[in-house]
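Notebook open, coffee poured. I want to see how this one packs before doing anything else with it.

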Amino acid sequence: MFPTGLSSVYSVCGDAAGIAGNLFAFALFVSPIPTFKRIIRNQSTEQFSGLPYIYAFFSCLICLWYGMPVVSPGIILVATVNSIGAVFQLIYIIIYITYADKAKKLKMSGLLITVSALFLTVVFLSMTFFDSYERQTFVGYLSVISLISMFASPLFIIKLVIKTSSVEFMPFYLSLSTFLMSLSFSTYGVFKYDPFIYVPNGIGTILGLVQLVLYTYYSNTIGEDQEPLTNAHA
C-alpha cells in the first residue's frame, strides 16, 4: 500500500495521463479530415483503405463498453474518449461508402453491419452470462484484441508506403497522434494497474513509432518532389 500522500499523487498522475490520452485521441480522430476532404473533392476514395476506420469503429465501441462503470468502475476516461471516437469513425465510414466504387461500397457496408451486430452481441452476452468480475475480464480481452487490430490496421498502408516509396497515403498527423495517444493511455493503464489498457496501448506505441520512422525516412527520400497528403491538401 502507498502512503496517503503518495497514493494521491499517483492518482493525480494517472488522471493526468488519461486526460492527455483523451486530448491526443481527439487529435487522432480529427486527423483524417484532410483525407476525407480530398475524397469529397475528388468524389473518389482512390487508393485509400476503409479498413482502418472499420477497425477503429469496432475498437471504439468495445473499449467504450469496457470503460463503462457497469463493466469496469473507475476508468470513465476510457469511456468518454471512445464514445467520441465511435461517432467520428462512423462519420468517416459513411463518407467513404458514399464515394467508394460499387465493390468497395458493398464490402464496407457489409463490414459496418457486421461490426455493429458483433458489438450488440458482446453487450448482450456480457450482461446476460457473466458476473461483474467475469464481465470485466471477458470485455477486457475483447478490447485488447480490438485495439491491437486497430493499431495493426495501418500495416496495410505501411506496405503501400514501402512499395511506392511515398508517404502520400500515410498522413503524418495520424501517425503522430496514434503514437502520443497510445503512449498516454499506456501510462494511464499502468497507473490504474489495468493490463487490458497498458498492454495493447504499449503495442500501439511501438507501431506508432515505426510509422513515424518510416514517414521520416521516406519524406527525406522523396524530398521536395512529393508533398505528403496532409500538407498538400490541408
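Below are my entries on the cores, one helix and a buried polar pair.

Entry 1, the model. I am working from a predicted model, and I keep that in mind throughout.

Entry 2, the main core. I looked up the largest nonpolar core and got 46 residues. The ones with the most contacts inside it are F36, F57, Y66, I93 and Y188. I then checked which helices feed it: helices 1, 2, 3, 4, 5, 6, 8 and 9 each supply at least two residues. Apart from this core I found another, of 8 residues, with I158, V161, M170 and Y218 among them.

Entry 3, Y188. I picked this one and listed what it touches, skipping residues up to four places away in sequence. Y188 touches G14, A17, G18, G74, I75, I76, L77, V78 and I197.

Entry 4, helix 8. Does the length of helix 8 come out as expected or not, at 1.5 Å a residue? Its 20 residues should span 28 Å, and I get 29 Å between the end C-alpha atoms, so the two agree. Next I pulled the buried residues of helix 8; the list includes S175, S177, T178, F179, M181, F185 and Y188. Just after helix 8, I noted that Y193 takes a positive phi of about 55°.

Entry 5, Q211. Is Q211 buried or exposed? I find a relative accessible area of 4%; the cut-off for buried is under 20%, so Q211 counts as buried. Q211 sits in helix 9, and its side chain makes a polar contact of 3.0 Å with that of S175. S175 is itself one of the buried residues of helix 8.

How values were computed:
Residues are numbered from 1 along each chain as its sequence is written. This is a predicted model: local features need pLDDT of at least 70, side-chain atom pairs count only at pLDDT 80 or more; totals for chains, interfaces and linings use all residues. Side-chain values use heavy atoms; hydrogens and water are left out. A nonpolar core is a set of buried Ala, Val, Leu, Ile, Met, Phe, Trp, Tyr and Cys residues joined through side-chain atoms within 4.5 Å. Buried means under 20% relative accessible area, exposed over 50%, partly exposed in between (1.4 Å probe, protein chains only). Contact means heavy atoms within 4.5 Å. A polar contact is a pair of N or O atoms within 3.5 Å; within protein, one must be able to donate a hydrogen and the other to accept it, and residues adjacent in sequence count only if both atoms are side-chain atoms. The expected span of a helix is 1.5 Å times one less than its number of residues.
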